[in-house]
Amino acid sequence: MRFCVLTIFPEMFDAFAGHGIMRRAVESGKIRLEPVNIRDFAEGRHKVTDDRPYGGGSGMVMKPEPLAAAIQKAKSELSQAPVVLLNPQGRCFDQEMARQYAACSEMIFVCGRYEGLDERICEAYVDDEISIGDYVLTGGELPAMVVMDAVIRHIPGVLGAEDAAECDSFSAGRLEHAHYTRPAVFGKNQVPEVLLSGNHGAIEDWRRESALLRTVLRRPDLFDQKGLTEPEKKIVQKWCRRLEALASD
Ligand code: SAM
């Protein structure tokens with residue numbers, strides 16, 4: 001998959017591409033990450049990319065000409081790529097959007113700065129606007145990294161275990177189960193006995209119950225999107241029986 005990122009701070013992406021799973025994906029050729037400096041498309045000696053807003057007020061606005069030239073150049077090389085603007089006013093990013101974008105072979109990101117882009121760029125060139133949450137950052141570079149990081153996890157072969165992204169929180173409408181590693185006893189706390197048993201069926205049951213409990217306690221809103229499965233109903237019925245027994249004591 002090819003990512004082209006239009007930004008006035010291309011060097012911010014060096015650390016991102018140089019570590020962990022992203023570095024391995026780049027080195028293996030599964031991912032190509034090309035940060036492009038919007039300033040290179042600006043006219044004049046000072047390569048200015050921003051200007052004062054019409055109507056007055058504080059802050060600066062990204063000028064349309066360098067952005068248009070940078071997007072046109074990117075599209076001439078990545079003709080299939082959707083142009084995605086990072087924008088706090090966009091659609092709120094989630095795991096399903098990450099999974100859908102992973103099916104694309106290429107993407108172009110536009111990172112805003114200052115008060116954002118001249119609106120005519122959004123109207124003429126942008127296919128999608130993505131927000132990473134209801135707060136405002138100083139630029140679109142971190143949001144672009146967040147989106148790319150979540151997207152690449154769904155590309156086959158990028159993660160060590162092929163099915164890892166499918167087990168992640170949100171993929172099946174639930175939070176993931178709790179995790180433990182060695183030592184078996186840490187302080188006064190022991191790893192749940194079943195995880196040491198080698199009984200794969202029992203471990204699977206425990207993980208399903210752990211995932212369900214965490215979802216109930218932390219993100220009950222997820223049940224609005226996906227109701228209980230049959231195995232989950234059995235777990236909830238078991239909890240109900242236990243609670244009834246407690247209440248009747
Ligand atoms: N004036 C804009 C507003 O109030 O909607 C905010 C502009 S922000 C300071 C500058 C840039 O950061 C935006 O153009 C966008 O690219 C990026 N940005 C900030 N917060 C973001 C968020 N939550 N999600 C995605 N991009 C964001």
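This report describes the domains, ligand site, charged pairs and backbone features of a predicted model.

## Domains

The protein is divided into two parts: domain 1 covers residues 2-152, and domain 2 covers residues 185-248. Between the C-alpha centres of domain 1 and domain 2 the distance is 41 Å.

The peptide bond that leads from Arg182 to Pro183 is cis, and its omega is near 5°. Pro183 belongs to the loop between helix H7 (164-167) and strand E8 (185-186).

## Ligand site

There are 20 residues around the ligand, and those that come nearest are Leu86, Gln89, Gly112, Tyr135 and Leu137. Backbone atoms also approach nitrogen of the ligand. For Tyr135, a polar backbone atom is 2.8 Å from a nitrogen atom of the ligand. For Gly133, the distance from a polar backbone atom to a ligand nitrogen is 3.1 Å. In Ile132, a backbone N or O atom lies 3.1 Å from a nitrogen atom of the ligand. On its own the ligand has 590 Å² of accessible area, and the protein covers 86% of this.

## A nonpolar surface patch

Tyr135 and Leu137, which are among the residues nearest the ligand, also belong to a nonpolar patch on the surface together with Leu142. The accessible area of Tyr135, Leu137 and Leu142 together is about 280 Å².

Leu142 is part of helix H6, which spans residues 141-152. With a relative accessible area of 47%, Leu142 is partly exposed, because the partly exposed class runs between 20% and 50%.

## The loop between E6 and H5

Arg113 sits in the loop between strand E6 (106-110) and helix H5 (119-125). Its relative accessible area is 14%, so Arg113 is buried; the cut-off for this class is under 20%. The side chain of Arg113 makes a polar contact of 2.9 Å with the side chain of Glu141.

Tyr114 is placed in the loop between E6 and H5 as well. Phi of Tyr114 is near 55°, which is a positive value in a residue other than glycine. Tyr114 is partly exposed, with a relative accessible area of 36%.

## A second positive phi

Lys47 is another residue other than glycine with a positive phi, here near 50°. Lys47 lies in the loop between strand E2 (32-37) and strand E3 (50-51). The relative accessible area of Lys47 is 33%, so this residue counts as partly exposed.

## Salt bridges

Side chains of opposite charge can pair when their charged atoms come close. In this model the count comes to 15 salt bridges.

One of them joins the side chains of Glu96 and Arg99, with an N to O distance of 2.6 Å. Both Glu96 and Arg99 lie in helix H4 (residues 95-101), where they are three residues apart, about one turn of the helix. Glu96 has 35% relative accessibility and is therefore partly exposed. Arg99 is partly exposed too, with a relative accessible area of 41%. Elsewhere, Arg2, Arg32 and Glu34 are joined into one network by salt bridges that share partners.

Within that network, the closest N and O atoms of Arg32 and Glu34 are 3.6 Å apart. Arg32 is partly exposed at 46% relative accessibility. A further salt bridge links Glu65 with Lys63, and here the closest N and O atoms are 3.8 Å apart. Glu65 has a relative accessible area of 49%, so it is classed as partly exposed.

Terms used: Residues are numbered from 1 along each chain as its sequence is written. This is a predicted model: local features need pLDDT of at least 70, side-chain atom pairs count only at pLDDT 80 or more; totals for chains, interfaces and linings use all residues. Side-chain values use heavy atoms; hydrogens and water are left out. Domain bounds come from an automatic or database domain assignment. Patches are made of residues with over 30% relative accessible area and no salt bridge: like charges are joined within 9 Å, nonpolar side chains (Val, Leu, Ile, Met, Phe, Trp, Tyr) within 5 Å. Accessible areas come from the Shrake-Rupley method with a 1.4 Å probe; for residues, only the protein chains shown count as cover. A salt bridge is a side-chain nitrogen of Lys or Arg within 4 Å of a carboxyl oxygen of Asp or Glu. Helices (H or I, at least four residues) and strands (E, at least two) are DSSP runs, numbered from the N terminus. Buried means under 20% relative accessible area, exposed over 50%, partly exposed in between (1.4 Å probe, protein chains only). A residue is near a molecule or strand if one of its heavy atoms lies within 4 Å of it. A polar contact is a pair of N or O atoms within 3.5 Å; within protein, one must be able to donate a hydrogen and the other to accept it, and residues adjacent in sequence count only if both atoms are side-chain atoms.
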